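Reader: I would be grateful for a close look at the enclosed cavities of this model. Please state the criteria along with the description.

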Amino acid sequence: MADGMMATRTAHAALMRRVSLRLLPFLMLCYILSVIDRVNIGFAALSMNKELGLTASIFGLGGGLFYISFFLFEVPSNLALQRFGARRWIARIMISWGLISGCMALATGPNSFIALRFLLGAAEAGFFPGIILYLTYWFPPRERARIIATFMVAIPAANFIGSPISGLLLGLDGVLGLQGWQWMFILEAAPTIAVGLACLFYLSDRPQTASWLTEAERTALAASIAAEEAALAKPQPMSIWQVLSNRRVILLGLIYAGSNVSSTGLTLWQPQLIKSFGLSNLDTGLLNSIPFICGAIVMVLWSRRSDARAERPLHTAIALAMIAIGLFGCLFVNSLIPTIALLCLAIIGTYAMKGPFWALATEQLAAGSAAPGIAQVNAIANLLSFLAPFLVGLIKDATGSYQIALLPIVFFAALATLLVLSLRKPAALS
C-alpha cells in the first residue's frame, strides 16, 4: 500500500515537472515581454517627457489611462480566452500589443501619448488574468502558489533585464534620425510580435488536447486537478454578473490593488526617483535593476513557504506591509544608498505577495466562476492603478519631491494589509 502511494506521488511529481518545463519558461518569456513593453515608458520619460512637452501630471495621466482600458476590457478578454482557447487568444493579445507598443515611437505630444497608452492597455487587457486562468487548467490547487510565483518572477526579471537594456537604447539618439526613446519602443516591441506568432504553434489549450503528453498522462493530470478542486468545497458557480458584484471578489480586488498600485507606481516613477540623485541614464538603469532581482529571489522563496504551510492570508499581509514600510521610510532619507535599500524592501513585498495571493484567490472561485472572477479581481486592481500614477504626478508637480509623491502607494498598501487580515478562512465566497 505504502509502495503504491509512493509510486503514485513519484509519477505525479514527474508529470508536474514535465508540464512545468513545457509551459513555464515559455509563459515567463511572454510575460517578460509584456512587462518590458508596458514599463519601458518609465525609462522613455527620462528624455521623452521634455521632447513631447509632458508634465509630471500629464505623464501620470497617460500612465494611468493604460489601466483604465485594462479595467474596461479585462473581463471580456478572459471570457473570450475561455471561448476561443488560450492558444489563439494569447497570440492575438501579444501581436496586437506588440504593434501598438512599437507605435509609441510615433507619439508627437500629450494627446497622441495619452491615446496610444489607452490603446496599449486595451490590446494587452486580459493577458495576465488569462495566464492565471490558463495555469489553473494545468496545475492542482496545492501547487499553485509556487507555480504562479515562478511564472510571476517574470515581472522583476523583466525589470532586472529591461532596465539596463532600456538605459542603453536611450543612447541611440540620432541613429537614422530617430531619438533613443523611439528606438527603445521599436526594438523592444519586435520580439513580442514574434513570440505571439509562436503561441499559435507551441501552446495547447488544455491537458486533454496536449499532443506532447501521453494518453495516460493526460488522464492522470485531469483527474488530479479535478480531485483537488472537488476537495476544496468551493461554492456553486454563479452567473457572470453575480461574480462581478460579489463582495468577496471586490475585496480580493482591493487587496490585490495594494501590490498592483505599488508595481505600477514604482515602474513609472522609480527610474526618475533614482536619476534625481544626479546619475546618468545607464547608471540609473543598472541601479534600478537591483530591487527587482531581490524581489525575484524572495518571491519564489516566499511562495514555497506559503505552499509548505498551506497558508495564504498571513503570507499575503506580511508582504503588503513590507511595501508600506519601505516606501514610507523613503520620506526620511535623502541619500542614494538608503533609498535603494528601502526600494528593495518595497519591491520584495510587491512581488512576494503575488504567489500566496493568487493561490488564495483561485481557491475561492468555483470552476465555472474562475474566468470572470480572476479577471474582475485584476480589473479592480487595475482601476485603482490608474489613480496611483496620476496622484504621484500631481503631488510631484505640487511639491517637487518624489519621496512625498509615493504616499498614495503607501496608503493603498497599508489598506490592503488591513483588508487581507480581515479575511476569514478562504472557503466561502459569499
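Author: The cavities are described in turn below. This is a predicted model, in which local features need pLDDT of at least 70 and side-chain atom pairs count only at pLDDT 80 or more, while totals for chains, interfaces and linings use all residues. Residues are numbered from 1 along each chain as its sequence is written, and side-chain values use heavy atoms, with hydrogens and water left out.

The whole structure holds two cavities of 30 Å³ or more. A cavity here is a set of points on a 1 Å grid over the protein atoms alone where a 1.4 Å probe fits but cannot get out, and lining residues have an atom within 4 Å of a point.

The largest cavity has about 160 Å³ of space. Among its 17 lining residues, Tyr-31, Arg-38, Ile-155, Asn-260 and Ser-263 are the closest to the centre. Two or more lining residues come from each of helices H1 (2–39), H3 (56–84), H8 (154–169), H12 and H17 (370–399), helices being DSSP runs of H or I of at least four residues, numbered from the N terminus. H12 gives the largest share of this lining, five residues.

The second largest cavity has about 80 Å³ of space. Its lining has 13 residues, of which Val-39, Phe-43, Asn-159, Gly-162 and Ser-163 are the closest to its centre. H1, H8 and H12 each give two or more residues to this lining, and H8 gives the most, with five.

Notes: On a 1 Å grid over the protein atoms alone, a cavity is a set of points where a 1.4 Å probe fits but cannot get out, and a pocket is an open set with protein on both sides within 12 Å along at least five of seven lines; lining residues have an atom within 4 Å of a point. Grid points are joined across faces, edges and corners, and a volume is the space filled by probe spheres set on the points.
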